[in-house]
Amino acid sequence: MSTPTDQRAAPQTPAMRAGGGRVELVDLCKRYGTAEPPAVDHVTLDIQPGEFITLLGPSGSGKTTTLNMIVGFTEPTSGSIRLNGRDISRTPAHKRNFGMVFQNYALFPHLTVAQNVAFPLRERKVPAAETARLVGEALQLVDLGGMDHRRPHELSGGQQQRVALARAVVFSPSVLLLDEPLSALDRKLRQSLQREIKRLHDELGLTFVFVTHDQDEAMTLSDRIAIFDRGRIVALGSPAELYHRPTTRFVARFLGESNVFAGRHRAADVYEWHGHKWTVREPATGNGGEQALVVRPERMNIALDEDSVPTGSNTAPATVTDVSFYGTYHRLELAFDDDTVGCAVLPVGAVATVGPGARVVAHWRPEHQVLVSE
Ligand code: ADP
Ligand code: MG
């Protein structure tokens, strides 16, 4: 017999959740000055209801400007923003009803924890009893029950950010925007708050738009990642898609480590690099001759000589320049013969006899390489 009252039903895919808003960015542009290049340059992005999407990119790539246009703090120069199909480009920030969390917490120092969290409810003229109940629930949600009367300076950085999270979700927004919320915290605290944010997302079912410049953070948290470079989205996909099938050198370098070989895609099945001919499976696309060949470090193997390489593998001679031990694996830094710097990550035991200075043959299966454009 089914139990229709079971609240903890099977996890739903993001698109199935009803609670989160769908946010569409359509050809969004922002110019701060006519002389400067645009801060945001024709960004189009369809954010699904309940999705956890991360805007990832180097400093200055337009992430904060994009977030500020979504929330309504910054007016777009052109383009539009839609919420559940409705154009909100000209709707003032307070009427968009989005939650926002900043890097620097932005709590009111003279207010208590409870008063900080109650603030958005006071603005919305929510009755006192209802406010008390909602604030209590929000503080429980972020594990801060019993801290109601403290002031921000009596809390750790991590606790302050939990207060900011509670304040951002207490009025049940359909979208939560987070701009580098963990960047000010030390590594351990950052990891524990990452788990907290992920749990919050799963429990609330809201749409999360998360901004970070930290690729590991983006990989662990996101359903999808939009990679920003100079105001544009240069790649969009799940963490696994972007990691295993990067399409450009920038994406391969920005997300995870890579061995990037600058050779030439000569023919349908031949890639030429530094006097070597490697097997490729995919046809050269467009300007194929210029494609680089990328191998992720965990796909790169090491042999002591050519004879020990399994048939069908592609090979590149290299000198080991450094070996580091990480408990369960070794990381080898490699200098290839054209001065390309690369690395291999190998299980402990696989490289017992290899140390810095050793000449080795790096090898990998053709199906584990990816051709990328400039
Ligand atoms: P990110 O968040 O990715 O670091 P930003 O969106 O903050 O990037 O900035 C994108 C570009 O816009 C940068 O070149 C930055 O200097 C510029 N910029 C951001 N805010 C302003 C502003 N208020 N006035 C002028 N230029 C700005
Ligand atoms: Mg920023």
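How many helices and strands does the secondary structure of the protein come to? Nine helices and 21 strands, where helices (H or I, at least four residues) and strands (E, at least two) are DSSP runs numbered from the N terminus.

Before we start: this is a predicted model, in which local features need pLDDT of at least 70, side-chain atom pairs count only at pLDDT 80 or more, and totals for chains, interfaces and linings use all residues. Residues are numbered from 1 along each chain as its sequence is written, chains are lettered from A and ligands numbered from 1 in the order in which they are written, and side-chain values use heavy atoms, with hydrogens and water left out.

**Exercise 1. Get your bearings in the whole protein.**

Step 1: Look at the extent. The C-alpha trace spans about 80 × 55 × 45 Å along its principal axes.

Step 2: Split it up. Domain 1 takes in 14-98 + 173-244, and domain 2 covers 257-372; these bounds come from an automatic or database domain assignment. Their C-alpha centres are 35 Å apart.

Step 3: Check the burial. Of the 374 residues, 50% are buried, where buried means under 20% relative accessible area, exposed over 50%, and partly exposed in between (1.4 Å probe, protein chains only).

**Exercise 2. Work out how helix H5 is packed.**

Step 1: Find H5 at residues 157-169. Its 13 residues reach 19 Å from first C-alpha to last, close to the 18 Å expected at 1.5 Å a residue; that expected span is 1.5 Å times one less than the number of residues.

Step 2: Ask how enclosed it is. Since 11 of its 13 residues are buried, H5 is largely enclosed by the rest of the structure. Among the buried ones are Gly158, Arg162 and Val169.

Step 3: Look for the cover. It includes strand S6 (99-101), helix H3 (113-123), helix H4 (128-141), strand S7 (175-179) and helix H6 (187-204).

**Exercise 3. Compare the settings of aspartate 27 and glutamate 217.**

Step 1: Place them. Aspartate 27 sits in strand S1 (residues 23-30), while glutamate 217 belongs to helix H7 (residues 215-221).

Step 2: Is each one buried or partly exposed? Glutamate 217 counts as buried because its relative accessibility is 2%. Aspartate 27 is partly exposed, at 38% relative accessible area.

Step 3: List what they touch (contact means heavy atoms within 4.5 Å), leaving out residues up to four places away in sequence. Aspartate 27 touches His42, Val43, Thr44, Ser78 and Gly79. Glutamate 217 touches Leu182, Arg190, Gln194, Phe210 and Thr212.

Step 4: Pick out the polar contacts (pairs of N or O atoms within 3.5 Å; within protein, one must be able to donate a hydrogen and the other to accept it, and residues adjacent in sequence count only if both atoms are side-chain atoms). The side chain of aspartate 27 pairs with that of histidine 42 at 2.9 Å. For glutamate 217, the side-chain partner is threonine 212, at 3.2 Å.

**Exercise 4. Describe the surroundings of ligand 1.**

Step 1: Name some neighbours (a heavy atom within 4 Å). Among them are Tyr32, Ala39, Pro58 and Thr65.

Step 2: Read off distances to ligand oxygen atoms. A backbone N or O atom of glycine 60 is 2.6 Å from one, and a backbone N or O atom of glycine 62 is 3.1 Å from one. Lysine 63 brings a polar side-chain atom to 2.8 Å.

Step 3: Finish with area. Ligand 1 taken alone exposes 570 Å², and the protein buries 56% of that (Shrake-Rupley method with a 1.4 Å probe; for residues, only the protein chains shown count as cover).

Key. Contact means heavy atoms within 4.5 Å.
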